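Take a look at the sequence and the model below. The paragraphs that follow go through its parts step by step.

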Amino acid sequence: MAADVTDAASVGRAVGELESSDLPPVAALVNNAGITRPTRFLDIEQAEWDLVFSVNVTGTYLVTRRVLPGMIERGYGRIVNLSSVSAERGGGVFGGSHYSAAKAAVLGLTRALAREAGPHGVVVNAVAPGLIDTDITGGALAGERKAKLIADIPVGRNGRTEDVAATVTFLAGEHVGYITGATFDINGGSHIQ
């Protein structure tokens with residue numbers, strides 16, 4: 001089922017449909033919706049700023065707000081929020097300052113929710129990918145530019161969606177009840193903290 005994560009009614013309809021299906025209750029939520037724009041700060045119009053925050057931050061809020069009460073009621077839940085290395089280093093290869101700020105807000109929300117939801121059996125963590133081969137790069141990485149970026153990555157390659165998926169799967173699993181408020185960097189060592 002699909003939903004516009006920036007619209008509370010759309011989120012409510014999709015989650016309501018899921019809850020009224022024959023599927024088991026939601027045990028894990030992965031907030032993966034996100035957009036970026038490579039616009040420099042002084043060129044960002046407010047509409048673009050609002051759009052980036054609406055999808056990345058408000059979307060995370062709306063979906064979590066709709067799903068979290070059931071998790072708390074059942075005493076069990078796993079929430080994984082997708083942030084970005086851009087939030088930690090203050091910019092990325094493709095994202096502008098609005099993207100960095102939005103993904104940093106996701107990290108703050110993750111930590112605050114971890115404290116609030118933890119006593120109810122719900123753990124909340126974040127994943128901060130670095131350079132991953134996805135449609136967000138839009139084929140913009142090729143030739144010399146790609147080679148230069150990869151040269152700075154200790155494992156010698158771009159990340160793959162499977163690298164991110166494996167970490168998200170782990171964090172959504174039942175054996176993660178004592179990990180909360182953490183950020184897992186997936187960047188091949190390019191931004192070691």
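In what order do the four strands of the open sheet come, and is their pairing parallel or antiparallel? The order is β1-β2-β3-β4, and the pairing is parallel. This description rests on a predicted model. Strands of a sheet pair through backbone hydrogen bonds, either parallel or antiparallel. The edges of this sheet are formed by β1 and by β4 (183–186), each of which pairs on one side only. On average, neighbouring strands of the sheet are turned by 20° against each other, direction ignored.

Strand β2 (residues 77–82) is a useful place to start. Six of its six residues are buried, that is, under 20% relative accessible area, so β2 is largely enclosed by the rest of the structure. Gly-77, Ile-79 and Asn-81 point one way from β2, while Arg-78, Val-80 and Leu-82 point the other way. Residues of both sets are buried.

Next come the pairings of β2. With strand β1 (residues 28–31), β2 pairs in the parallel sense over four bridges. Within this pairing, Leu-29 has Ile-79 of β2 as its bridge partner. With strand β3 (residues 122–129), β2 also runs parallel, and six bridges join the two. Here Val-80 stands opposite Asn-125 in β3, and Asn-81 stands opposite Ala-126 in β3.

The helices can now be added. Which helix goes with β1 and β2 in a right-handed β-α-β unit? That helix is α2 (residues 46–74). Helix α2 packs on the sheet, where it touches β1, β2 and β3, and its direction makes about 175° with that of β1. Another helix, α4 (residues 97–117), lies across β2, β3 and β4 and runs at about 160° to β3.

Helix α2 also meets a helix from earlier in the numbering, α1 (residues 8–19). The axes of α1 and α2 come within 10 Å and cross at roughly 35°, and the crossing is right-handed. On the side of α1, the contact is made by Ala-8, Val-11, Gly-12, Val-15, Gly-16 and Glu-19; on the side of α2, by Leu-62, Val-63, Arg-66 and Val-67. Sorted by class, this contact has six nonpolar, two polar and two charged residues.

To return to the strand chosen as a starting point: β2 is joined to β1 by four bridges and to β3 by six, and both α2 and α4 lie against it.

Technical notes. Residues numbered from 1 in each chain as written. Predicted model: local features only at pLDDT ≥ 70, side-chain atom pairs only at ≥ 80, totals over all residues. Heavy atoms only, no water. Buried < 20%, exposed > 50% of the residue type's maximum accessible area, 1.4 Å probe, protein only. Pairing = 2+ DSSP bridges. Right-handed = clockwise from strand over helix to strand, strands pointing away. Axes fitted to C-alpha atoms, helices over the stretch in contact; angles between N-to-C directions. Left-handed = near helix turned anticlockwise from the far one by under 90°. Contact = heavy atoms within 4.5 Å. Nonpolar A, V, L, I, M, F, W, Y, C, P; charged D, E, K, R; others polar.
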